[in-house]
Amino acid sequence: MIEIDGHHLSLEDVVLVARNGEKVAISAAGRQNIERARQWMETILKTDRPVYGINTGFGIFADRRIPSRDSARLSRNLIVSHAVGTGDPLPEEVVRAAMLVRANTLTKGHSGVRIEVVDTLLEMLNKGVTPIVPSQGSLGSSGDLGPLSHMALVFTTDSDDREEDSGWAMVQGERMTGKAAMRKAGIQRIILGPKEGLAVNNGATFSAAIGALAVWDAEYICDVAEAALSLSVEAMQGCPSAFDARLHAVRGQHGQIEVAEKVRELTAGSSLVGSTNRVQDAYSLRCAPQVQGASRDAIRFVRGVIEAEINAATDNPLLFEPDVALSGGNFHGEPVGMVMDFLAIALSEIAAISERRVFRMTDAKLNGGLPPMLVDTPEAAGLNSGLMMPQYTAASLVLENQTLAHPDSVHSLPTSGEQEDHNANAMTAARHARQVLENTNHVLAIELFTATRAVDLRLRANPGTHIGQGTQTVYNRVRNAVPYQPGDAWWGPEIEKVKRLVLDHTLV
C-alpha cells in the first residue's frame, strides 16, 4: 500500500501504481493537509472579495463575477467545456499515473478541495476504473486542461447526472460510459463545489505522468545501452584504452565515468577486447562513454525536475493560511516541457550511436574480418542478406528520433484571447519523448541482436577465445530467447523477443 501526502511521491511509486496496480491511500498527514486547506477555502467563501476561479470566470473571463449559488455549475461547466481532446487514447498506464499525480497534488493541501475528491480518485485507481483520455489537444500551460477534464468527466457529475456527459472509461478490460463504469465499480460520482473544477483540471499532470514513466524506463535504457555497447566492443575486438578509468577521471564527467566503468566491468576477463594491433577505434566505440555518459547525466537531471513536479501544487489560485488565495502560474508546464525535450535528445543520442555500431558490425570493410552483413559464411553472401535489413530499421528509427527530438517547448501560440499568451507545449514534448523512448528500445534490441551474432562469428573464427563474464551473461540471455540461425530467417520476431527483454527490464 502506497500512502500519499503531497510531498513524498516517488517515480517508483508512480510505476508501481500505474503498471502493477499497487493500492493507494491518503496518509494521516495528507488528510490533515486537505482538511486544513478546505477550512481556508471556507473562510474565503465567507468574504465578498473576487477570487479567481472561485467566484469568477476562467481565462479571458476572469473579470466576470459569478454568484456563489452557481459555484457547482461553474465547476461542472469548466469540466464539460474543456474536455475537447482528440487523437488516439493515451495508454492506461499513463492515465493511471496522471490520476495518482493529481491526487497527490491535491493532497499537498493548497487546493481547497473536499477530501471526497481525492478519495474518489484513489478509489478509482484501487478498483481499476481508468478514464479514456485522448492523447492530443493539450498545450500543457494552463495545465493539461483537456486531458484532465476528460478524466474528470468520469467521476464528476451534476444534478442532471446525464450519462452522455460522463465520458468513457475502461473497467476490467471493457469500454463503457463513465457513469456505467463508476456504477459497475460501486463508486459514487461527485458534484464539484467551489474551485474544485479548477483544482482537478489545472496543472501539467499528464505531461508529468508521461515524464515519470519515461524517466524510469530511460534510466534502465542506459543500462541496456551499456550492455549493448559492451557486446559490440567484444564483437569488434575493441581497444580497451578508451575505457581506462584514468582517462575519464581527468575529464570529471560523472556519466562518462559510469559508462566506462560499466564496460570495464562487463568485459573483464575477455580475450577478444584488445586482441588486435589497432591503437584506437571509431567514435561509435571509442567515444561511447562520452556520448552515453552525457545522456546519463541528462536523464539524471530530468528525474530531479519530474520528481519535483509530481509533488507540486499546480492549480490556480493556491490557498495559504489564514485566508490568502494567491493567483499565479504554477500550472505552466515549461519545466516539464523543457526536460521532456532534453530527455528526447538524450535518448536520441543513445539510439544514434547504437545504430552506428550496428552499421560497423554489418559492413565487411569496417567489421574487422567478419562476413558481410554477418551472413554465416562469406560464401553465403548474396543468397543470404544476413542482417542487412535490421540496420535499415535502426537507421529509420534514428532518423525519426532526430525529427521528434526537435524541441517542442520553444514553440508557442497564444490562446484565450491573448490572456494566455505564452504556452509551454509540454504535452507534445512528453508524447514525443515517449515515442523516442520506444524507438530507442527497438534500436538497442537490434544492436543486441546484431552484436550477439557478431560474437558468435568472432568466436568461431578465433577458437579458444572467450568474452567477459558480464557480457557472457547478457549474451546468454539473448541466446536463450533467440538461438543462432546460420541462414536467413524472419529476423523481425526474433528482434521483438530481444526487445521484450528490454521492455520487461530483464536483460540486465
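Buried area is the accessible area, taken with a 1.4 Å probe, that two parts lose on being put together, summed over both. In this predicted model, domain 1 and domain 2 bury about 1400 Å² between them, and 53% of that area is on carbon and sulfur atoms. The rest of this text starts from the chain as a whole, returns to that interface, and then turns to single residues.

The chain has 508 residues, of which 56% count as buried. Its C-alpha atoms fill a box of roughly 85 × 50 × 45 Å, taken along the principal axes. Within the chain there are 18 helices and 11 strands. Among the contacts with a separation of 6 or more, 80% are accounted for by residues 24 or more positions apart.

The domain assignment divides the chain in two. Domain 1 covers 2-202, while domain 2 is made up of 214-314, 328-413 and 437-504. The C-alpha centres of domain 1 and domain 2 lie 40 Å apart. Where domain 1 and domain 2 are in contact, 21 residues come from domain 1 and 14 residues from domain 2.

Polar and charged pairs also cross this interface. The rule finds 12 residue pairs in polar contact across the interface of domain 1 and domain 2. On the side of domain 1 that touches domain 2, helix H1 (11-20) and helix H4 (92-107) each supply at least two residues. The largest share of that side comes from H1, with 5 residues. By kind, the residues of the side of domain 1 that touches domain 2 are 5 nonpolar, 12 polar and 4 charged.

Salt bridges are found across the interface of domain 1 and domain 2 as well, 2 of them by the rule. Arginine 303 takes part in a salt bridge with glutamate 12, and the closest N and O atoms of this pair are 3.4 Å apart. The side chain of arginine 303 also meets that of glutamate 219 in a salt bridge, at 2.5 Å from N to O. Arginine 303 lies in helix H13 (residues 288-309) and glutamate 219 in helix H9 (residues 205-235), so this pair ties together parts that are 84 residues apart in sequence. Buried means under 20% relative accessible area, so arginine 303, at 16% relative accessibility, counts as buried. Glutamate 219, at 23%, counts as partly exposed.

For the chain, further salt bridges can be followed in the same way. By this rule the count comes to 36 salt bridges. One of them joins the side chains of arginine 189 and aspartate 161, at 2.8 Å from N to O. Arginine 189 lies in the loop between helix H7 (178-185) and strand E9 (190-191), and aspartate 161 in the loop between strand E6 (156-157) and strand E7 (168-171), so the pair ties together parts that are 28 residues apart in sequence. Arginine 189 counts as buried, at 9% relative accessibility, whereas aspartate 161 is partly exposed, with a relative accessible area of 27%.

Another salt bridge is formed by the side chains of arginine 500 and aspartate 504, at 3.1 Å from N to O. Arginine 500 is partly exposed, with a relative accessible area of 44%, and aspartate 504 is partly exposed too, with 42%. Salt bridges also link residues into a network, which holds Arg19, Glu93, Asp217, Arg434 and Glu438.

Two other residues show opposite ends of accessibility. Threonine 107 has its place in helix H4. Threonine 107 is buried, with a relative accessible area of 0%. Leaving aside its neighbours within four places in sequence, threonine 107 is in contact with Ile4, Asp5, Gly6, Ile26, Gly30, Asn33, Ile34 and Val118.

Glycine 417 lies in the loop between helix H15 (388-404) and helix H16 (426-461). Exposed means over 50% relative accessible area, so glycine 417, with 58%, is exposed. Between glycine 417 and phenylalanine 61 there are 9.6 Å in space, C-alpha to C-alpha, although these two are 356 residues apart in sequence.

How values were computed:
Residues are numbered from 1 along each chain as its sequence is written. This is a predicted model: local features need pLDDT of at least 70, side-chain atom pairs count only at pLDDT 80 or more; totals for chains, interfaces and linings use all residues. Side-chain values use heavy atoms; hydrogens and water are left out. Domain bounds come from an automatic or database domain assignment. Contact means heavy atoms within 4.5 Å. A salt bridge is a side-chain nitrogen of Lys or Arg within 4 Å of a carboxyl oxygen of Asp or Glu. A polar contact is a pair of N or O atoms within 3.5 Å; within protein, one must be able to donate a hydrogen and the other to accept it, and residues adjacent in sequence count only if both atoms are side-chain atoms. Helices (H or I, at least four residues) and strands (E, at least two) are DSSP runs, numbered from the N terminus. Ala, Val, Leu, Ile, Met, Phe, Trp, Tyr, Cys and Pro count as nonpolar, Asp, Glu, Lys and Arg as charged, and the others, Gly among them, as polar. Buried means under 20% relative accessible area, exposed over 50%, partly exposed in between (1.4 Å probe, protein chains only).
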